[in-house]
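Here's a quick tour of one protein model, going from a definition to a helix pair, then a single residue and the chain as a whole. Have the viewer open as you read.

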Amino acid sequence: MQALPFLSAPLVFARLFAEPLRRARRLPTRPSSLLVRSTVVELAVLAGHLLLYPTGISQERPAPGAAPPPATGPPEGHPAPQPVRSASSKPGTPGTPGAPGAPSMLPTEGRAHPPVLLLHGFIDNRSVFLLLRRSLHRHGWRHVEALNYSPLTCDLRKAAELLRRHVEEVCARTGHRRVDIVGHSLGGLIARYYVQRLGGDARVRTVITLGTPHSGTGIAPLMSAHPIVRQMRPDSEVIAELSLPAPHCRTHFVAFWSEEDRVMVPATTARINHPDLHAFNVHVAGVGHLALPVNGTVAAGIRDALASADPAEGAADVISVA
C-alpha cells in the first residue's frame with residue numbers, strides 16, 4: 001500500500017482534530033482542569049507530530065533474520081523451551097534439533113517477549129509511536145515493529161488483510177507463534193477485525209487499543225465522505241460485524257479510554273463490551289486522543305499489560321496522569 005501523500009496529510013490531520021478542540025473551547029462555564037490541561041497538551045502533541053510526520057511516511061524495513069537473544073534468561077512468565085530428545089537421539093539424526101529435516105529451534109520464543117506490532121490511526125503513520133517504541137525497547141522488548149497502512153484504502157477489511165500477512169511474516173522471521181498488537185484509534189479497530197473476523201486469534205496473544213471506536217464514533221460527520229470514516233460510524237457494517245458472536249476467541253484485549261478523548265463520541269465508545277471477548281477496559285484520566293500513544297503513564301500501563309501472562313492482570317482499571 002502507498003503512504004499518504006506528504007503535503008496533504010498534515011493538513012487533513014489538523015482539520016480532523018480541529019472540531020473536537022473547538023468543542024472543548026465551547027464547553028459551558030468553567031471546564032474541568034483536566035479538560036483544559038488535556039486540550040493544551042493535545043495542541044502541543046499535534047504540533048510536534050506534524051513535524052515528525054515526514055519521518056514515518058515510508059514503510060518500515062525490518063532487519064532480515066533474528067539475532068540470538070542475550071543470555072539473560074527468559075522474561076517473567078515465559079519459560080524457556082527445552083528440546084525433546086529420546087534416549088537414542090544423537091546429533092544429526094532425524095528428530096534432533098538442528099538435524100536436516102527436523103524443525104529448527106525457534107529463534108527467540110520462550111526467551112524474549114513476543115513481537116509487538118504497532119498500528120497507527122486514520123491519516124497517521126508510524127511516527128506516532130516514536131516514544132512508545134523507545135519505551136518498549138528500553139524495558140526489554142526486542143521485536144517492536146510498526147506497520148503503515150494507507151488512508152487511501154477504502155475498506156478497513158483490506159487493512160486487516162494486510163495486517164494478517166504482516167503478522168505471518170513476523171512470526172516466520174522471529175520464530176514466535178504469536179504476537180502482541182498495540183493499535184491507536186483506527187489501528188485498534190483494524191487489529192480487532194483481524195482477530196475476530198479473519199482468524200487472527202490464532203496468532204495474536206494480546207491486542208491493546210488506545211482510543212479506538214469499538215462501538216463507533218459520532219465525530220466529524222462531514223468527513224464521512226471517506227469510506228474508512230463511514231466504517232467507524234456507529235451504524236456501519238464493520239461495527240455490526242464486530243458485535244457478532246466470537247466464541248472461543250483466544251486473544252486478550254486491553255482497551256485504554258479517556259473522558260478527555262474528544263475524538264471518541266461518546267468517550268465510552270473506546271471501551272470493549274462484548275460477551276465473548278476477554279476484554280479489560282482501562283480508564284485514563286486527563287489524556288486526550290492524540291496524547292494516548294505518547295503519554296509516559298499510558299506507556300507504563302501498556303508494558304504492564306504486555307508483560308503479564310494474563311494481560312488483564314497487569315493493567316489497572318484506572319490510570320491518572322493528573
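## Two helices that cross

First, a bit of vocabulary: an axis here is a line fitted to C-alpha atoms, for helices over the stretch in contact, and angles run from 0 to 180 degrees between N-to-C directions. Keep in mind that this is a predicted model.

With that in hand, look at helix H3 (residues 130-138) and helix H8 (residues 296-307): their axes come within 10 Å and cross at roughly 45 degrees. Angles from 65 to 115 degrees count as roughly perpendicular and those under 35 as roughly parallel, so H3 and H8 are oblique to each other. Their crossing is right-handed.

Who does the touching? On the H3 side you'll find Leu 132, Ser 135 and Leu 136, and they meet Ala 299, Ile 302, Arg 303 and Leu 306 of H8. Sorted by character, the residues of this H3–H8 contact come out as 5 nonpolar, 1 polar and 1 charged.

## A look at Val 254

Val 254 sits in strand E5, which covers residues 252-257. Is Val 254 buried or exposed? Its relative accessible area is 1%, and the cut-off for buried is under 20%, so Val 254 counts as buried.

Thr 209 is 45 residues away from Val 254 in sequence, yet the C-alpha to C-alpha distance between them is 6.3 Å.

## The chain overall

Zooming out, the protein chain has 8 helices and 7 strands. Of its 322 residues, 52% are buried. The accessible surface adds up to about 14900 Å², with 59% of that belonging to carbon and sulfur atoms.

As for contacts between residues at least 6 apart in sequence, 80% join residues at least 24 apart.

Note on methods
Residues numbered from 1 in each chain as written. Predicted model: local features only at pLDDT ≥ 70, side-chain atom pairs only at ≥ 80, totals over all residues. Heavy atoms only, no water. Helix = DSSP H or I, 4+ residues; strand = E, 2+ residues; numbered from the N terminus. Buried < 20%, exposed > 50% of the residue type's maximum accessible area, 1.4 Å probe, protein only. Parallel < 35°, antiparallel > 145°, perpendicular 65-115°, else oblique. Left-handed = near helix turned anticlockwise from the far one by under 90°. Contact = heavy atoms within 4.5 Å. Nonpolar A, V, L, I, M, F, W, Y, C, P; charged D, E, K, R; others polar. Areas by Shrake-Rupley, 256 points an atom, 1.4 Å probe, with all protein chains shown as cover.
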